[in-house]
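The following paragraphs lead the reader through one protein structure. Please keep the sequence and the model in view while reading.

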Amino acid sequence: MNGKLIRPADRIDLGGTDWKMKEFVGMDWIWRDSVKQESPDVRWWYPASVPGSVLHDLMENGLVPDPYYELNSRLAEWAPERTWVYKKEFYIPEELEGRQITLVFEGIDYSSEIFLNGESLGKQEGMFVPWSLNISERLQYGSNNLLAVVLEPAPFEQPQVGKTSLVTTHKSRMTYWWDFCPRMIHQGIWQEVYLLVNGGARLTDVYLHSSLSEGMSEAEVSIEVEAEGTEGCRLEGSFGEHVFTGILENGRCTVVLHIDNPRLWWCNGQGEPYEYPVEVRLLDRLGEVSDRRTLAWGIRKIEFLPNEETVPGRGDVTASKTGSFTLCLNGRKVYMNGYNWVPADVMYGAVPEDTYARLIRLAREAGVNILRVWGGGLIERDIFYRMCAQAGILVWQEFILSSSGIDNTPSVSEAYKELMRGQAESIIRQKRGFTALAVWCGGNELQDEAGMPLSEEHPLLQVMGEQVKRLDRDRKWLPTSPSGGVFLNSFENLEKCPGELLDVHGPWEHQGLEKHCELYNQGTCMLHSEFGVEGMTNYEALRKTTAPEHFLPASKDNAYYFHRGAWWNNEPLVQKTFGSLKEIEKIRKGSQFMQYEGLKYAVECNRRRAFHNSGTFPWQFNEPYPNLYCTSSLDYYGNPKPAYYGVKKIYSPYLVNASFDSASLYGQEALEADIYMAANVEACVAPGGYEVLAQVYTMDGRTLMAECFSSDKAAMSAAKVGNIRLPLEKLEEELLLLRLFLRRKTDGSVLAENEYLFTRECDLGAVFRMEEPELKMACLDTGVEIENLGKTAALFLFLTREDGNPVYWKENYFTLLPGEKRIAAGEGELKEASVQALNVEYRKIRR
C-alpha cells in the first residue's frame, strides 16, 4: 500500500503488471494445487497484465508469434481451448481489519472460478456483469494474500456466418471471426480489479436523470440512490455548487434538485459539453463517511422527433411510414453526424487509455456527434462513455446480439430470455449514469425469415425492451438496427417501395463510376445507420504487417489478402476504374481514392436531405485488427485513411458540395452539377450573406469556368444555391477538377471547401499516366508547407505522420494545382512527415 492512509470509501487497485499466468489442460491446475499459496507448481509461470487479454500476454512473452503480422493469428487459435490461471500476491495492512472490504472484478471474459488464499470464493460467468464479494473475514491482515482466477476455456459460439438462433452467450462475437477480424477468441480479466474499503454501509447504485423546462431556463435533477447495510445512515452530497441531504428508507433515497438557469450539455459542434461534478456520500450513525461516489452529469434534453415526410429532390416520393429519428437536443434539431464504432482492438482487454483518447479525439475533430456501438462488439468500458461525454459525442449502445447470415433470429428459449433479462438489467444499471448515452438497441441486423427487421414483438427483444423502459425510461429504445421498414438501401427497394426506407443498412461497397452516384442520388431513407465503402490500408500499415514479397497480387488470390479483409477486397473494381495496374502503390492509392470519393458522396447525399434524413452512420470508424482492405476510415494504428477527411468535410461546421450523375463524363455533352450549401450549427445569417464559388480546372491549372452564387443564410437544411454547366465538345483534356468554396461576402474568409475529380473517359486511368509534379516541401512548427513547382496538378496529396507522437491534421487529402502553395496545419510534434498523392510517390519530409 506504499504507506498510504486508507480511509473508508477508498479503493485499492489490484491491477498491474505484477500478475502471473500459466496454461493448463483440463483440471491439471487442481492436481498441482496451483491456486494455493504453498503450491509446488513453480515452473512455467509468465508475467501478465491486468486488465488484459490472454493472447496479449502470450504475445508479450514470446509464446505466440505476433498475431497482427501476416497469417500468424492462425498460430494462436489454440489458446482459447486452454484453461488459464492468473494469480497475484498483495499485502493488506493490519489497520484495515474491521473495515468492510469488497473484492470487485468489473469484467472477466468469459467464465471463471475465483480463489483467495486457496479458498474458492465462487464462480463467475458473463463478460459484461461485474462480480463482487465481501472478503473482510477471509483476508490475512498484516501479511500477503494470494488472489487467483481460473479462466475456463472460451465457450463455443457462432462466428459471423452461422445461426443467430444457436447463440447461447452474451459475449463479443467479433473475435470468433468476422469480416474485419480473424479468429482470435478473447479470454481474460479484461476490466479493472480492486478492493473497495468501506464502513458498514455501501452504495450499490447511483442513478441521475434530469428534465428541462420548455424554455430550458429551469432543470429538475433526480438523484436516485440504493445502498446496503444502511441502518442509521443518511445521505449527503453535492451537484456542482448545489448541496443536498437525504434520508434512506429500506436502503433507498431519491433527492430532487431544482436548478435555475442551468449550464447545458451540448453535443459536438453545438456548444460546450458541460458536465456538473457530482459527489454522493453515505454517512454512518456517527457521521463518518462509510462510502462515496464521484461522477459527472450533463443536463440536457434529448428527444427524437418525427422525420419530415417529403423527400427533398424526390417530389414523386412521400414516406408511407413514419419514423422518429430526428435528434432534438435542448430544443434544437441537430443532424446526426454519426459513425459506427467497433472495439479498439481484437485484444480488447489490453487497450490502453490513450488509445481511447486518440480515437475519440479523432472522432471529435471530424465533427462526429454520435457513435453507434455495434452489436457484435462490446458493452464498452466506462472510460469510453466518460470520454465521449467530454468530447460532446452521444452514444447509441447495442446489446451484443448480431445477425449470422444463415439465420438472423435470436433464440426464444426460456433459459436465453432469462440470461438476457439479467444481463440487460445489470448493463443498464452500469451505463445509465453516463451523460453521453442516448439510445439503447437490442442488437445488430436481427431479422425474420423474410429478411425484415425484427420488431419489439419478438419475445427476446420484448424482454430486453421492458428492462430499458423500466430502468432507463429517458433513453430511446430500438429493437434492432436497422429498424425498418425494409432492411436494405438498394436499387430494388428504391424502385419497389421508396417510401418504406426508414432506418436502413447498406450497401458496404462502392457501386462503380456508373452506378454509385445514381444510388445515393435516389436515396429516400430517413436514417442510414450502417453503410460503407471499402478501401485499402495506409502505406505504413501495409508495411508493418506484410512482407514485401507478399504485396502482390493485391487480390483474393493472395492468401495474405484473403486472410486480412477478403470481404472488402476491391482490387477488381480498382482495376476496372483505373485500368490495368501492376504496382502495389497504384493499386493501394486507387483503392483509397475510391473509398474517399465514394463514402464522401454517399454522406453528402444523405446530408442534403436533412431533415427527411436525420442521420448518417458510415461503417466503420476504426478497426480492431490491421486488415489490408477494410471499410474503416482509420487504420488499425489509429491513423486516418483519406476517407476520414472526406467525411470530415461534411461534418464540419459549414459544408458545400455538388450533386451530379457520375464522375465519368463519357458520352456526355457537358459537365453538369447542382451546388448545395448548409451548416452543422444553428441557422445563421452573416452580415452581407454568403457566396459559393464554383471553378473547373484542367490538370495544368487553367480555369475553364468560374461561377459565383449567393445566399443570405446557411442552415442545417441544405439549400441548393445554383447549377453549373460546362460544355465538353471543344475540350481535349481528359481529367477535370471541380472546386467549391463557401465564403463570407464581407471579408472573403473561406468557411468550407470541396473538390471533385471527373474523367471524360469511362475510367480514371489517366490519373496514373500523369507527369509527377515537382514539389517543394518543408516541415514547420505548425504543419507542412507544400508548393507545386511543376506543370501538372498534384492530385489529392495525403500527409501522414505514422511514427512517434501522432499529428492531428486539420486538413488533408487535397489537390495542388501548378503554382499553388499551401500550409497543411497539424497539431503535434512535427520533425518529419510523409507525403504522397495519386501521381506523387511516397516520400519523407524532414525539417
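A suitable place to begin is G485, which sits in the loop between β29 (476-478) and α7 (491-496). The model is a predicted one. The peptide bond that joins G484 to G485 is cis, with an omega of about -10°. Another cis peptide bond is the one between V50 and P51, where omega is about 0°. P51, for its part, belongs to the loop between β3 (46-50) and α2 (54-60).

The backbone deserves attention at two glutamates as well. E70 is not a glycine, and yet its phi is positive, at about 50°. This residue is placed in the loop between α2 and β4 (83-92). Is E70 buried or exposed? Its relative accessible area is 10%, and because buried means under 20%, E70 counts as buried. E445 also has a positive phi, of about 55°, without being a glycine. The loop that holds E445 runs between β28 (437-441) and α6 (459-471). With a relative accessible area of 11%, E445 is buried.

The next topic is the pockets. How much space lies in the largest pocket? The volume is about 1900 Å³. Its lining consists of 48 residues, and those nearest the centre are R11, E106, Y194, R293 and D382. Several elements give two or more residues to this lining, among them the strands β1 (10-13), β13 (193-198) and β14 (202-212) and the helices α3 (353-365), α4 (382-391) and α5 (414-431). Which element gives the most to the lining? It is β20, with six residues. Sorted by class, the lining has 20 nonpolar, ten polar and 18 charged residues.

The second largest pocket holds about 500 Å³ of space. It is lined by 25 residues, and T355, R358, Y636, Y637 and G638 are the closest to its centre. Here α3 gives the most to the lining, with four residues. The classes in this lining are ten nonpolar, six polar and nine charged residues. The helix α3 is thus a useful landmark, because it also appears among the elements that give two or more residues to the lining of the largest pocket.

Charged residues lead to the subject of salt bridges. Side chains of opposite charge can pair when their charged atoms come close. How many salt bridges does the structure hold? There are 53. One of them joins K431 to D382, with 2.6 Å between the closest N and O atoms. This pair links distant parts of the chain, since K431 is in helix α5 and D382 is in helix α4, 49 residues apart. The two partners can be compared by their accessibility. K431 has a relative accessibility of 2% and therefore counts as buried. D382, with a relative accessible area of 24%, is partly exposed. D382 has been met before, as one of the residues nearest the centre of the largest pocket.

Two further salt bridges can be found in the model. In one, the side chains of D472 and R475 meet at 3.0 Å, taken from N to O. Both D472 and R475 are buried. In the other, E604 meets K600 at 3.3 Å from N to O. These two residues belong to helix α12 (residues 584-608) and are four residues apart, about one turn of the helix. E604 and K600 are likewise buried. Salt bridges may also connect several residues, as in the network that links D205, E226, R252, E425, R429, R432 and R470.

Finally, the reader may turn to the surface. Which residues form a nonpolar patch there? The patch is made of V161, W177, I406 and W567, which together have about 390 Å² of accessible area. W567 is located in the loop between α10 (559-563) and α11 (571-578). Its relative accessible area is 42%, so W567 is classed as partly exposed. P273 is another loop residue, placed between β18 (252-260) and β19 (276-283). With a relative accessible area of 23%, P273 is partly exposed. P273 and G215 are 58 residues apart along the chain, and their C-alpha atoms are separated by 19 Å.

How values were computed:
Residues are numbered from 1 along each chain as its sequence is written. This is a predicted model: local features need pLDDT of at least 70, side-chain atom pairs count only at pLDDT 80 or more; totals for chains, interfaces and linings use all residues. Side-chain values use heavy atoms; hydrogens and water are left out. On a 1 Å grid over the protein atoms alone, a cavity is a set of points where a 1.4 Å probe fits but cannot get out, and a pocket is an open set with protein on both sides within 12 Å along at least five of seven lines; lining residues have an atom within 4 Å of a point. Grid points are joined across faces, edges and corners, and a volume is the space filled by probe spheres set on the points. Ala, Val, Leu, Ile, Met, Phe, Trp, Tyr, Cys and Pro count as nonpolar, Asp, Glu, Lys and Arg as charged, and the others, Gly among them, as polar. A salt bridge is a side-chain nitrogen of Lys or Arg within 4 Å of a carboxyl oxygen of Asp or Glu. Buried means under 20% relative accessible area, exposed over 50%, partly exposed in between (1.4 Å probe, protein chains only). Patches are made of residues with over 30% relative accessible area and no salt bridge: like charges are joined within 9 Å, nonpolar side chains (Val, Leu, Ile, Met, Phe, Trp, Tyr) within 5 Å. Accessible areas come from the Shrake-Rupley method with a 1.4 Å probe; for residues, only the protein chains shown count as cover.
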